[in-house]
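Please open the model in a viewer and keep the selection tool at hand. The tour proceeds stop by stop, each with something to select and something to look for.

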Amino acid sequence: MKTKFTNWERRAVMAACIPALLAALAAPVGAMHIMEGFLPQTHAIVWGVVCLPFLVWSFIAIRKIVAEHRKAILLLAMMGAYAFVLSALKMPSVTGSSSHPTGTGLGAVLFGPAPMALLGLLVLLFQAILLAHGGLTTLGANTFSMAIAGPFVSFGVYKLCRKLKVNRLVSVGLACGLGDLFTYCVTSAQLALAHPGQAGVMASMAEFLGIFALTQIPLAIVEGILSAIVVMMLESFAKPELREIGYLTKEGV
């Protein structure tokens, strides 16, 4: 679903990009649900600032959905609840982090990646406060991996699969599964940058990826299958909402 910006909205996004670029140049960057206090202070701040332009873009996108697609508001809220429930199902993995489905890929497939940034931030914030899952100081890093990087990959994979004429439900499953895996690739990179060890960042990242793979690959497969099932159900019970956001129309259903 394409989103058109007014002039002031474009300026707001561009203005939000400035501190993100300055932070990226000023400090070394270096998190899925990374626990409280596990990142150095500079890393925690930089990841939070980098998320800022995406959150501004997300706010604008959600406001447009609410204003122009009234039937889709409940569906958008459901995507936030879906992400909350799936990402709360955690199991121990790398020290300082955990493995679990993300749930953000499905929202990206239906609404595009932009709305998921703000929805993911809210999910992570409530989980940090209510479930002690993640943390407040690592909120920016967790938001970037789960609510920004993962949804963008899911959206891109879905669009690519549809251009290649892959079955729609298979496309959804692949998009959500690969978006989940990419989230943990980003997490591994963030942890490696924060804790490179004596062997260096690349060796540390390879180690984190290897440990994550044991739990995350099966979880990604499960998330892909579950997301395809959810889409099947939505096509049966929420056709007006899916038409409202252009999903069924674009796919020729």
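Select Lys165, which sits in the loop between helix 6 and helix 7 (168-194). This lysine is exposed, because its relative accessible area is 73%. Its backbone also deserves attention: Lys165 has a positive phi of about 65°, although it is not a glycine. Most residues other than glycine have a negative phi. Please bear in mind throughout that the model is predicted.

**The whole chain**

Now display the protein as a cartoon. Its secondary structure amounts to 10 helices and two strands. Followed from the N terminus, the elements run α-α-α-β-β-α-α-α-α-α-α-α. Of the 253 residues, 51% count as buried. If a surface is drawn, the protein exposes about 11,700 Å². Carbon and sulfur atoms supply 74% of that area.

**An aromatic cluster**

Next, select Trp47, Phe54, Trp57, Phe144 and Phe152 together; these residues form one aromatic cluster. How many aromatic pairs does the structure hold? There are four. Two of them are visited here.

Begin with Trp47 and Phe144. Their ring centres are 5.0 Å apart and their planes stand at 40°, so the pair is tilted. Trp47 belongs to helix 2 (residues 41-68) and Phe144 to helix 6 (residues 139-163), so the pair ties together parts that are 97 residues apart in sequence. Are these two residues buried or exposed? Trp47 is buried, with a relative accessible area of 8%. Phe144 is buried as well, at 17%, because the limit for a buried residue is under 20%.

Then move to Phe54 and Phe152. The centres of their rings are 6.1 Å apart and the planes meet at 75°, so this pair is edge-to-face. Phe54 lies in helix 2 and Phe152 in helix 6, and the pair thus links distant parts of the chain, 98 residues apart. Phe54 counts as partly exposed, with 23% relative accessibility. Phe152 also counts as partly exposed, at 31%.

**A buried glutamine**

Select Gln127, in helix 5 (residues 114-130). Gln127 is buried, and its relative accessible area is 0%. Which side chain does Gln127 contact? A polar contact of 2.8 Å joins the side chain of Gln127 to that of Ser87. Showing both side chains as sticks will bring this contact into view.

**Two distances along helix 3 and beyond**

Helix 3 spans residues 73-87, and Ala81 is found there. At 41% relative accessibility, Ala81 counts as partly exposed. Add Thr104 to the selection: the C-alpha atoms of Ala81 and Thr104 are separated by 9.9 Å, while the two residues are 23 residues apart along the chain.

Afterwards, select Ile245, in the loop between helix 9 (239-244) and helix 10 (247-250). Ile245 is buried, with a relative accessible area of 3%. Which distance separates the C-alpha atoms of Ile245 and Ala72? It is 6.7 Å, although the two residues are 173 residues apart along the chain.

**A nonpolar patch on the surface**

Return to the surface display and select Ile217, Ile221, Ile225, Leu226, Ile229, Met233 and Phe237. These residues form a nonpolar patch on the surface. Together they have about 710 Å² of accessible area. Ile217, one of the patch residues, lies in helix 8 (residues 201-237). Ile217 counts as partly exposed, with a relative accessibility of 42%.

**The cysteines**

For the last stop, select Cys51 and Cys185. Cys51 counts as buried, at 2% relative accessibility, whereas Cys185 counts as partly exposed, at 32%. A disulfide is a covalent bond between the sulfur atoms of two cysteines. How many disulfides does the structure hold? The number is zero.

How values were computed:
Residues are numbered from 1 along each chain as its sequence is written. This is a predicted model: local features need pLDDT of at least 70, side-chain atom pairs count only at pLDDT 80 or more; totals for chains, interfaces and linings use all residues. Side-chain values use heavy atoms; hydrogens and water are left out. Patches are made of residues with over 30% relative accessible area and no salt bridge: like charges are joined within 9 Å, nonpolar side chains (Val, Leu, Ile, Met, Phe, Trp, Tyr) within 5 Å. Accessible areas come from the Shrake-Rupley method with a 1.4 Å probe; for residues, only the protein chains shown count as cover. A salt bridge is a side-chain nitrogen of Lys or Arg within 4 Å of a carboxyl oxygen of Asp or Glu. Helices (H or I, at least four residues) and strands (E, at least two) are DSSP runs, numbered from the N terminus. Buried means under 20% relative accessible area, exposed over 50%, partly exposed in between (1.4 Å probe, protein chains only). Rings of Phe, Tyr and Trp (its six-membered ring) pair if their centres lie within 6.5 Å; planes under 30 degrees apart count as stacked, over 60 as edge-to-face and the rest as tilted. A polar contact is a pair of N or O atoms within 3.5 Å; within protein, one must be able to donate a hydrogen and the other to accept it, and residues adjacent in sequence count only if both atoms are side-chain atoms. A disulfide is a pair of cysteine sulfur atoms within 2.5 Å.
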